[in-house]
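This report goes through a structure chain by chain, with a few residues picked out along the way. Please keep the sequence and the coordinates at hand.

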Amino acid sequence: MIDRITQSIRDKKIAIIGAGGLGGNIINYVARLNPQEIHIFDGDVFCKSNLNRQLFCTNKTIGLNKAICAHDAIIDYTLAKVIAYPHHLIKSNSYMLDGIDVIMDATDNLAVRYLLQSISDEYKIPVIHGAINGLYGQVAIMQPDSQLLSKLNATKKTLPTGATLSYVPALIASVQVSEMAKLLAGISTLESDQFIIIDLLTNDTRIIKL
Amino acid sequence: MVKVEFFGIYRLSYKMSSWEVDAHSISDLLKKLSKKFPVFTYKELKNSVIMVNDVNFLHLKKYKTKLCDGDSVFIMSPASGG
């Protein structure tokens with residue numbers, strides 16, 4: 001099984017949108033799986049408040065672009081070709097995702113997530129959705145044309161995101177990468193209208209059907 | 001009574017995992033919930049994923065979904081941070 005997963009990733013091109021809390025951890029885990037290409041999008045720079053949870057934020061990287069810092073860190077240990085885009089993903093540059101095998105959602109707002117949903121539909125690319133809030137988070141596989149995000153956020157609004165701790169994005173990122181690996185290996189059991197919810201306060205984990 | 005199970009931010013904010021209430025519809029339940037625990041308004045509670053007996057209320061009659069004694073309601077607000 002491990003060989004199957006490893007082999008299936010080797011020739012894949014993976015895009016990670018966001019290099020912050022979720023993104024930093026996803027980039028690290030994906031880099032160590034050695035896909036063919038890793039594409040990292042993030043237009044933000046690190047600031048002091050990112051030190052508590054964002055993997056590539058250190059005292060030396062504050063003020064530097066997150067995508068570039070992630071690139072510079074992982075090229076030391078991955079076999080993948082790594083391309084960093086030091087700007088936000090917007091509709092006008094979304095064509096750059098054409099040809100990508102899977103998109104990892106590590107964004108931090110609904111507007112970009114809805115853009116990812118439309119990109120997924122347009123270019124027929126699955127998106128591994130992940131989000132965190134306080135001590136809980138969720139993961140889902142958004143298949144093209146599934147409109148999963150619209151079903152999950154029926155009102156297009158969410159309650160304010162609270163502060164989080166270092167281990168919350170690490171766990172959700174880990175589950176996202178696990179779902180990505182299984183999807184690419186053809187062994188995913190998560191259906192396109194299901195999402196995984198994990199509450200670290202009470203260790204309550206469930207799969208909800210939308 | 002209807003058993004309401006909270007998840008995520010509701011569990012954190014209400015400091016409880018479940019609650020029992022006498023409610024005849026989802027709308028009635030959310031109104032009673034916002035009155036009992038004003039930390040979230042009725043309008044804010046509408047930004048929730050709501051399951052009634054494990055069925056998404058969007059597949060039922062949404063806020064007009066009838067509730068009966070013994071029904072189980074699950075409520076969570078989807079996370080959006082990264």
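Which residues does Q176(A) touch, not counting residues up to four places away in sequence? With that exclusion, Q176(A) touches L22(A), I26(A), M104(A), D105(A), I128(A), H129(A), G130(A) and V139(A). Q176(A) sits in helix 6 of chain A, which covers residues 167–185. Its relative accessibility is 0%, so Q176(A) counts as buried. These values, like the others in this report, come from a predicted model.

**Overall description of the chains**

Chain A contains six helices and eight strands. Their order along the sequence is α-β-α-β-α-β-β-α-β-β-α-α-β-β. The radius of gyration of chain A is 16 Å, close to the 17 Å of the globule rule for 210 residues, so chain A is as compact as a globular protein of that length.

Chain B has three helices and five strands. From the N terminus on, its elements run β-α-β-α-α-β-β-β. For 82 residues, a compact globule would have a radius of gyration near 12 Å, and the 12 Å of chain B agrees with this.

The table lists some values for the two chains.

| Quantity | Chain A | Chain B |
|---|---|---|
| C-alpha extent along the principal axes | roughly 45 × 40 × 35 Å | about 35 × 25 × 20 Å |
| Buried residues | 56% of the 210 residues | 55% of the 82 residues |
| Exposed area | about 8900 Å² | about 4000 Å² |
| Share of exposed area from carbon and sulfur atoms | 54% | 54% |

Contacts with a separation of 6 or more can be sorted by distance along the sequence. In chain A, residues 24 or more positions apart account for 65% of these contacts. In chain B, residues 24 or more positions apart account for 53% of them.

Charge is the next topic. Chain A has 19 positive and 19 negative charges, and their mean positions are 3 Å apart. Chain B carries 13 positive and 8 negative side chains, with the centres of the two sets 9 Å apart.

**Helix 3 of chain A and the loop before it**

Helix 3 of chain A spans residues 66–74, and its buried residues are K66(A), A67(A), C69(A), A70(A), H71(A) and I74(A). An α-helix has 3.6 residues a turn, so residues three or four places apart point the same way. The buried residues of helix 3 pack against helix 2 (21–31), strand 2 (37–41) and strand 3 (81–85) of chain A.

What caps the N-terminal end of helix 3 of chain A? The cap is N65(A), which has a side-chain oxygen 2.9 Å from the backbone nitrogen of A67(A).

N65(A) is also one of the residues that G43(A) touches. Not counting residues up to four places away in sequence, the other residues touched by G43(A) are P86(A), H87(A) and H88(A). The C-alpha atoms of G43(A) and H88(A) are separated by 4.5 Å, while the two residues are 45 residues apart along the chain. G43(A) is found in the loop between strand 2 and helix 3 of chain A. With a relative accessible area of 28%, G43(A) is partly exposed.

**Helix 2 of chain B**

Helix 2 of chain B covers residues 26–36, where I26(B), S27(B), D28(B), L29(B), L30(B), L33(B) and S34(B) are buried. The cover over these residues includes strand 1 (2–7), helix 1 (9–14), strand 2 (18–21), helix 3 (42–45), strand 3 and strand 5 (72–76) of chain B.

**Residues with positive phi**

K124(A) is not a glycine, yet it has a positive phi of about 55°. K124(A) lies in the loop between helix 4 (110–123) and strand 5 (127–133) of chain A. Its relative accessible area is 48%, so K124(A) is partly exposed.

D54(B) is likewise not a glycine, and its phi is positive at about 70°. D54(B) is placed in the loop between strand 3 (49–52) and strand 4 (55–56) of chain B. Is D54(B) buried or exposed? At 71% relative accessibility, D54(B) counts as exposed, the cut-off for exposed being over 50%.

Notes. Residues are numbered from 1 along each chain as its sequence is written. Chains are lettered from A and ligands numbered from 1 in the order in which they are written. This is a predicted model: local features need pLDDT of at least 70, side-chain atom pairs count only at pLDDT 80 or more; totals for chains, interfaces and linings use all residues. Side-chain values use heavy atoms; hydrogens and water are left out. Helices (H or I, at least four residues) and strands (E, at least two) are DSSP runs, numbered from the N terminus. The radius of gyration is taken over C-alpha atoms; the globule rule is 2.2 Å times the number of residues to the power 0.38. Buried means under 20% relative accessible area, exposed over 50%, partly exposed in between (1.4 Å probe, protein chains only). Contact means heavy atoms within 4.5 Å. Accessible areas come from the Shrake-Rupley method with a 1.4 Å probe; for residues, only the protein chains shown count as cover. Lys and Arg count as positive and Asp and Glu as negative; His and the chain ends are not counted. The place of a charge is taken as NZ of Lys, CZ of Arg, CG of Asp or CD of Glu. A polar contact is a pair of N or O atoms within 3.5 Å; within protein, one must be able to donate a hydrogen and the other to accept it, and residues adjacent in sequence count only if both atoms are side-chain atoms.
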